[in-house]
Amino acid sequence: MPKMKTNSGAKKRFALTGSGKIKRKHAFKSHILTKKTKKQKRNLTHTTTVSKVDERAVKQLLALK
C-alpha cells in the first residue's frame with residue numbers, strides 16, 4: 001500500500017502544538033486593510049487553533065492518523 005501524501009498547501013498553513021492541537025492563522029489579513037479598524041487588524045494577527053469540527057479534515061490533509 002502506498003504512503004499517504006501530505007497536502008502541500010496544508011503543510012504551509014497549519015502547525016501542530018505540543019498537546020496535539022492544530023494552530024492556524026486568521027484570514028482577512030492580507031489586503032484591503034484600509035477599511036478595517038486597528039482593533040480588527042490587531043486581533044487578526046494572533047494565531048488560534050482549528051475548530052473541533054474541522055480538525056479531522058485538516059489531520060487528513062496533513063496525513064496524520
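**Entry 1. Burial and overall form**

I take a residue as buried when its relative accessible area is under 20%, as exposed when over 50%, and as partly exposed in between. The model I am reading is predicted. By this cut-off, I find that buried residues make up 12% of the 65 residues in the protein chain.

I next looked up the secondary structure and noted three helices and three strands. Along the sequence I read the pattern α-β-β-α-β-α. The radius of gyration of the protein chain is 15 Å, well over the 11 Å that the globule rule gives for 65 residues, so I record the chain as more spread out than a compact globule. Along the principal axes, I find the C-alpha atoms in a box of roughly 50 × 25 × 20 Å. I also checked contacts between residues at least 6 apart in sequence: 55% of them join residues at least 24 apart.

**Entry 2. The sheet**

I traced an open sheet of three strands, in the order 1-2-3 and with antiparallel pairing. Which strands stand at the edges? I find strand 1 (15-16) and strand 3 (48-49) there, each with a single partner strand, so one side of each has no neighbour in the sheet. Strand 1 pairs with strand 2 (residues 22-24) over two bridges, in the antiparallel sense. Within this part of the sheet, I noted Leu16 opposite Ile22 of strand 2.

**Entry 3. The nonpolar core**

I then asked which residues make up the largest nonpolar core. I list five in all: Ala10, Ile22, Val50, Val58 and Leu62. In soluble globular proteins, nonpolar side chains tend to be buried together.

I examined two members of this core further. Ala10 lies in helix 1 (residues 8-13). Its relative accessible area is 4%, and therefore I count Ala10 as buried. With neighbours within four places in sequence left aside, Ala10 is in contact with Leu61 and Leu62. I also took the C-alpha to C-alpha distance from Ala10 to Lys65: the two are 15 Å apart in space and 55 residues apart in sequence.

For Ile22, again without neighbours within four places in sequence, I recorded contacts with Phe14, Ala15, Leu16, Thr48, Thr49, Val50, Glu55, Val58 and Lys59.

**Entry 4. Glu55**

The contact between Ile22 and Glu55 led me to the latter residue. I place Glu55 in helix 3 (residues 52-61). Beyond its neighbours within four places in sequence, Glu55 is in contact with Ile22 and Val50. Which side chain of opposite charge is nearest to Glu55? I find Lys59, 4.1 Å away. A salt bridge requires a side-chain nitrogen of Lys or Arg within 4 Å of a carboxyl oxygen, so I assign none here. I therefore enter Glu55 as buried yet without a salt bridge.

**Entry 5. Positive phi values**

Most residues other than glycine have a negative phi. I looked up two residues with a positive value.

Phe28 has a phi near 70 degrees. I locate Phe28 in the loop between strand 2 and helix 2 (38-45). Is Phe28 buried or exposed? Its relative accessibility is 65%, so I count Phe28 as exposed.

Ala63 has a phi near 60 degrees. I locate Ala63 in the segment after helix 3. At 33% relative accessibility, I count Ala63 as partly exposed.

Conventions:
Residues are numbered from 1 along each chain as its sequence is written. This is a predicted model: local features need pLDDT of at least 70, side-chain atom pairs count only at pLDDT 80 or more; totals for chains, interfaces and linings use all residues. Side-chain values use heavy atoms; hydrogens and water are left out. Helices (H or I, at least four residues) and strands (E, at least two) are DSSP runs, numbered from the N terminus. Buried means under 20% relative accessible area, exposed over 50%, partly exposed in between (1.4 Å probe, protein chains only). Lys and Arg count as positive and Asp and Glu as negative; His and the chain ends are not counted. Contact means heavy atoms within 4.5 Å. Two strands pair if DSSP finds at least two bridges between them. A nonpolar core is a set of buried Ala, Val, Leu, Ile, Met, Phe, Trp, Tyr and Cys residues joined through side-chain atoms within 4.5 Å. The radius of gyration is taken over C-alpha atoms; the globule rule is 2.2 Å times the number of residues to the power 0.38.
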